[in-house]
Amino acid sequence: MISATSLINNNGRTRPAVTFNTAVLHRRGVTRRHALRPVRRSMLLPSHPWLFAVLGAGLVPPTVHVPAPTGTYGPFVHHALDLVEESGMLMHPYPVPDELRVLEGARGAQLTVRSFCTDKLRQGRVLLLDGGPSLQVLNICLFPRLDLPLPTFSADLVTLPGGSLVAIDCQPNGVPPRPCAHAEAALDAAFARHRPRLPDGGRIPPDTARFFSPRFLWSRLPAEMSAVQIQELLLPAFEDYLRAYLCARPQQPAPTAKRGVWAPPS
């Protein structure tokens, strides 16, 4: 699957998001060194017990400190986790290699990764990069279980010195999802509400467009916008799309031997 941040090239060509992210991180001096400080639970997200479950289960050494979300897109992380909880899904820890949980740079840039799973999601991944006002990145992907006919929710929000890039979508996974009238109507309403409010992001090459849905939100925001203005414009769209995705209720398949691979431990 191609991440939406692969569309950032102005020449119309696509390139994997990992190449872009790696280049930016190297320019900012971000390394694989992660913070090894005593955990202060007040610095985590106390409203989300799965973080404590990760620590309690021994999946993360107690010396690895994952700080609370910060920067322009920090509030989006809080809202995303709240919406997942409000949907009724119980989050379970999904292991992340210690060296990838917190990456720090000599110039103060910090990359944090959180991950979880639910009965419907084989993985939810939240990546947040806070490198100062001119380097803010949020990547959220919710991957459904492979035996469920659901799309993948993805949100890529990138702020650079030249402006901000916005890509939010419920991406098809190759197999047509079974209709869910309530979710479809909510996505249609979200697209109709927010597409006119956002500047157009420019032409999407045909070989890339096939990876996105007809409701793909793709926009470029001017550099003059402040962090508060970006939040006021994008947070409602982000919430509407995520809420619509989470309300989908696919028909549960019959249990199979393979299901245990994706289902969280009981």
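Me: The expected span of a helix is 1.5 Å times one less than its number of residues. For the 13 residues of α3, how far apart are the end C-alpha atoms?

Reply: This is a predicted model, in which local features need pLDDT of at least 70, side-chain atom pairs count only at pLDDT 80 or more, and totals for chains, interfaces and linings use all residues. Residues are numbered from 1 along each chain as its sequence is written, and side-chain values use heavy atoms, with hydrogens and water left out. Helices (H or I, at least four residues) and strands (E, at least two) are DSSP runs numbered from the N terminus. At 1.5 Å a residue, α3 should span 18 Å, which agrees with the separation of its end C-alpha atoms, 19 Å.

Me: Which residue with a positive phi follows α3?

Reply: Within α3, the residues Gly74, Phe76, Val77, Ala80, Leu81, Leu83 and Val84 are buried; buried means under 20% relative accessible area, exposed over 50%, and partly exposed in between (1.4 Å probe, protein chains only). After the helix, a positive phi, near 95°, belongs to Gly88.

Me: What share of the 266 residues in the protein chain is buried?

Reply: The protein chain is built with 8 helices and 8 strands. It exposes about 12,800 Å², of which carbon and sulfur atoms supply 59%; accessible areas come from the Shrake-Rupley method with a 1.4 Å probe, and for residues only the protein chains shown count as cover. Among the 266 residues, the buried share is 49%.

Me: Which element gives the largest share of the largest nonpolar core?

Reply: A nonpolar core is a set of buried Ala, Val, Leu, Ile, Met, Phe, Trp, Tyr and Cys residues joined through side-chain atoms within 4.5 Å. The largest such core has 44 residues, and Leu138, Leu142, Phe153, Ile168, Leu234 and Phe238 touch the most other members. Elements that give two or more residues to this core include α3 (74–86), β5 (136–144), β7 (163–171) and α7 (227–246). The largest share, 11 residues, comes from α7.

Me: How many residues form the other core, which includes Leu111 and Trp218?

Reply: In the largest core, Leu234 touches Phe76, Leu157, Val166, Leu198 and Leu221, not counting residues up to four places away in sequence; contact means heavy atoms within 4.5 Å. Apart from the largest core lies another, with Leu111, Val158, Leu165 and Trp218 among its members, and its residue count is 12.

Me: Is Trp218 buried or exposed?

Reply: Trp218 lies in strand β8. Its C-alpha atom is 8.7 Å from that of Asp169, although the two are 49 residues apart along the chain. Because its relative accessibility is 5%, Trp218 counts as buried.

Me: Which side chain of opposite charge is nearest to Glu239?

Reply: Glu239 is found in helix α7 and touches His79 and Leu83, not counting residues up to four places away in sequence. Lys and Arg count as positive and Asp and Glu as negative, whereas His and the chain ends are not counted. A salt bridge is a side-chain nitrogen of Lys or Arg within 4 Å of a carboxyl oxygen of Asp or Glu. Glu239 is buried yet has no salt bridge, and the nearest side chain of opposite charge, 4.6 Å away, is Arg243.

Me: With which residue does Asp240 form a salt bridge?

Reply: Asp240 is buried, with a relative accessible area of 19%. Its partner is partly exposed, at 40%, and the two are 3 residues apart in helix α7, so about one helical turn separates them. The closest N and O atoms are 3.5 Å apart in this salt bridge between Asp240 and Arg243.

Me: How far apart, N to O, are the side chains of Arg215 and Glu184 in their salt bridge?

Reply: Arg215 lies in the loop between α6 and β8 and Glu184 in helix α5, so the pair ties together parts that are 31 residues apart in sequence. Arg215 counts as buried at 17% relative accessibility, whereas Glu184 is partly exposed at 31%. Salt bridges that share partners join Glu184, Asp188 and Arg215 into one network. For Arg215 and Glu184, the N to O distance is 2.5 Å.

Me: How many salt bridges does the count give?

Reply: One of them joins Asp147 to Arg145, with the closest N and O atoms 2.9 Å apart. In that pair Asp147 is partly exposed, at 28% relative accessibility, whereas Arg145 is buried, at 2%. The count of salt bridges comes to 5.
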